[in-house]
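Here are some friendly notes for a first look at this structure. Keep the view open beside you as you read through the points.

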Amino acid sequence: MMIASGKGGVGKTTLAAALGICFAKRGLRALVLDADVGLRNMDLMLGMQDKVLYELTDCVNRRCTLDDALIPHPKYPLLHLLSAGQDARPKDFVRKDLSRTLKTLRPRYDMLIIDAPAGVGRGIKNFIGLADRFLLVATPDDICLRDTEKTARILSEEGREHPGLVLNRYDWRLARSGVIPMPEPLALAMDMPLLGVVPQDDSVYRAMLAGSALLDSAAPQVKEEIEGLADRLQGLPTRIEAPQEKLADKLRRLFAKEAVRP
């Protein structure tokens with residue numbers, strides 16, 4: 001499956017890394033392919049920045065074998081990382097070479113996650129025809145949602161399966177106050193199936209600064225939603241439910257409504 005986004009900075013790579021670890025912890029053989037050519041950062045997200053010696057571009061140019069470029073995670077051995085190329089350019093890759101590589105990899109893994117570059121440039125178009133499922137990660141703001149709709153339209157025009165939507169950094173307090181739309185009506189308006197709603201939480205940023213895996217150090221509500229997303233991707237019936245509103249937040253919201261009444 002390919003995880004993409006209409007714009008950068010929405011947490012797409014963080015989510016791809018978390019899903020890779022989640023699947024590996026479940027006993028599944030998982031591969032995360034960092035397809036952001038020239039802007040590699042999945043190795044940092046997984047704490048493997050000192051382990052990348054060879055990349056996909058080295059395989060394509062026959063400077064190493066595919067096994068040389070597949071790097072096992074030090075803590076979760078069922079999880080492997082393959083980077084496209086830090087010094088490569090999107091035009092350095094030919095669809096035929098990428099197709100042959102993924103055809104070789106598919107039988108070896110239960111879950112193959114392609115972390116696509118943001119936007120709709122050549123980098124993502126190189127991989128569009130190679131994935132059989134697409135997730136678009138978005139934050140619930142108008143700018144990001146417009147770019148997400150455009151990306152979904154391009155994927156559909158390419159004849160691919162309609163992508164699923166994952167809302168990231170979703171602030172339920174703003175939703176309950178009417179500042180941002182609720183997840184289900186938002187996904188319905190965008191004509192995209194809603195696959196996950198990852199809540200806004202400072203623990204995610206702290207985990208990134210500490211260089212630790214998200215599932216090891218994020219807040220329980222973040223872990224729970226990522227686990228739920230993994231369930232849905234595996235075809236397990238898991239509902240998306242809003243977290244219980246804290247009493248203090250509920251009272252604050254109610255008093256705010258009373259204050260604005262004429």
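1. Let's begin with helix 1: 13 of its 14 residues are buried, so the rest of the structure largely encloses this helix. Please keep in mind that the model is predicted.

2. How far does helix 1 reach from its first C-alpha to its last? The span is 20 Å, close to the 20 Å expected at 1.5 Å a residue. If you are new to helices, a useful rule is that an α-helix has 3.6 residues a turn, so residues three or four places apart point the same way.

3. Just after helix 1 comes Gly27, which has a positive phi, near 90°.

4. Helix 1 (12-25) also takes part in the lining of the second largest pocket, as do strand 7 (164-170), strand 8 and helix 10; each of these supplies at least two lining residues. The pocket holds about 480 Å³ of space. Its lining has 28 residues, and the closest to the centre are Val10, Gly11, Lys12, Thr14 and Arg169.

5. What is the mix of residues in that lining? For the second largest pocket, 13 are nonpolar, nine polar and six charged.

6. Finally, have a look at Asp201, in the loop that joins strand 8 (194-199) to helix 10 (202-210). Is Asp201 buried or exposed? Its relative accessible area is 19%, and the cut-off for buried is under 20%, so Asp201 counts as buried. Beyond its neighbours within four places in sequence, Asp201 is in contact with Ala219, Gln221 and Val222.

Definitions and conventions:
Residues numbered from 1 in each chain as written. Predicted model: local features only at pLDDT ≥ 70, side-chain atom pairs only at ≥ 80, totals over all residues. Heavy atoms only, no water. Helix = DSSP H or I, 4+ residues; strand = E, 2+ residues; numbered from the N terminus. Buried < 20%, exposed > 50% of the residue type's maximum accessible area, 1.4 Å probe, protein only. Contact = heavy atoms within 4.5 Å. 1 Å grid on protein atoms, 1.4 Å probe; cavity = no way out; pocket = protein on both sides within 12 Å on 5 of 7 lines; lining within 4 Å. Points joined across faces, edges and corners; volume = space filled by probe spheres on them. Nonpolar A, V, L, I, M, F, W, Y, C, P; charged D, E, K, R; others polar. Expected span 1.5 Å × (residues − 1).
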